[in-house]
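Student: Could you take me through one part of this model in close detail? I'd like to follow a single buried spot outward into its surroundings.

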Amino acid sequence: MRRLWRRQNVVWLTCLGLIALFPGCGGCPREPEDRYSDGVGLFLAGHRTAADSAFRELIAQYPHSGYASDAEYFRGAIALGQGQTAQAEDHFRKALASPRNEQMEANAAMGLARCFLARRQYRQAIAQCREFLDGHPASPRADEVLYVMAEALEADGQTTEAHRYYRQVAGRFPSGAWASKAEARLRGETPPPAVISGGGFSVQVMALSKPSDAGEHARLLRQRGFPASVVALRSGRSTLYAVRVGPFATRADAELAAARLKAQGFDAILKP
């Protein structure tokens, strides 16, 4: 009887050890593609914080898996959506170091270009787009790359060159999703890039009477990774220059940025 009791204890302790080693699915190890699918599902459902945690765990457990590279891209997209351009750039660069396929390489390259664009590093954004096109001239995302490069050129004051690329997008890819946007830019029907318009949400940090002061505060915020810009607010004969962070596609993303700003000691007022 004592021997049977000991044998049962050994079996029980062995089972506990196996469960500790393989915690998922009742003791069976979860494959990286399962974790990746979970993260993508959360991302597409809009649960960005939970998705980021899922991708972070995947990278920690399977650092050399191709799925880890894809997870870095999604973590970059989440960070960029929250205005955390420095963190986003780091994730996109890691994704570009060993992309699983050309599609994800294009995604990460465009993510990196958009980080530069958000920080008003227009020359870097232009160089990133050109580098990608030189290496992938037949990429199915060439129209988007050309459009982003045109945006960066226009924001950099190179309007004639920007319009040349907008025309390329509209002419070479007439049925593509970016053609109508390029045509609208050529007609002047949409605001220039990197300027906060009435759409989306932004976070106002301060409003100053001198544009130079507002510009300097915006520059310092961009150094901290916030996509900051200056907006002129006219009231009668007076003008104030608001320093704002954004715009963000959703209110939730703007609220996350506001929380980060408050944590760093800034005032933060949500602007629809």
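Tutor: Here is a walk from one side chain to the core around it and then to a helix pair.

This is a predicted model, so local features need pLDDT of at least 70, side-chain atom pairs count only at pLDDT 80 or more, and totals for chains, interfaces and linings use all residues. Numbering starts from 1 along each chain as its sequence is written, and side-chain values use heavy atoms, with hydrogens and water left out.

Let's start at N107, which sits in helix α6, residues 102–118. Helices here are DSSP runs of H or I with at least four residues, numbered from the N terminus. N107 has a relative accessible area of 12%, so it counts as buried; the cut-off for buried is under 20%, with a 1.4 Å probe and protein chains only, while exposed means over 50% and partly exposed is in between. Skip the neighbours within four places in sequence, and N107 is in contact with Y73 and R141, where contact means heavy atoms within 4.5 Å.

Now hop over to Y73. Not counting residues up to four places away in sequence, Y73 touches F92, A95, M104 and A108 as well as N107. Y73 is also one of the residues that touch the most other members of the largest nonpolar core, which has 48 residues; F43, F55, F74, C129 and M149 are the others. Such a core is a set of buried Ala, Val, Leu, Ile, Met, Phe, Trp, Tyr and Cys residues joined through side-chain atoms within 4.5 Å. Elements giving two or more residues to this core include α2 (32–44), α4 (66–81) and α6. The largest share, 10 residues, comes from α6.

That brings us to α2 and α4. Their axes are 10 Å apart and they pack at about 15°, so α2 is roughly parallel to α4. Axes are lines fitted to C-alpha atoms, for helices over the stretch in contact, with angles from 0 to 180 degrees between N-to-C directions; roughly parallel means under 35 degrees. On the α2 side, P32, E33, Y36, V40 and F43 meet Y67, D70, A71, F74, A77 and I78 of α4. This contact has 9 nonpolar residues, no polar ones and 2 charged, with Ala, Val, Leu, Ile, Met, Phe, Trp, Tyr, Cys and Pro counted as nonpolar, Asp, Glu, Lys and Arg as charged, and the others, Gly among them, as polar.

Methods. Angles under 35 degrees count as roughly parallel, over 145 as roughly antiparallel, 65 to 115 as roughly perpendicular and the rest as oblique.
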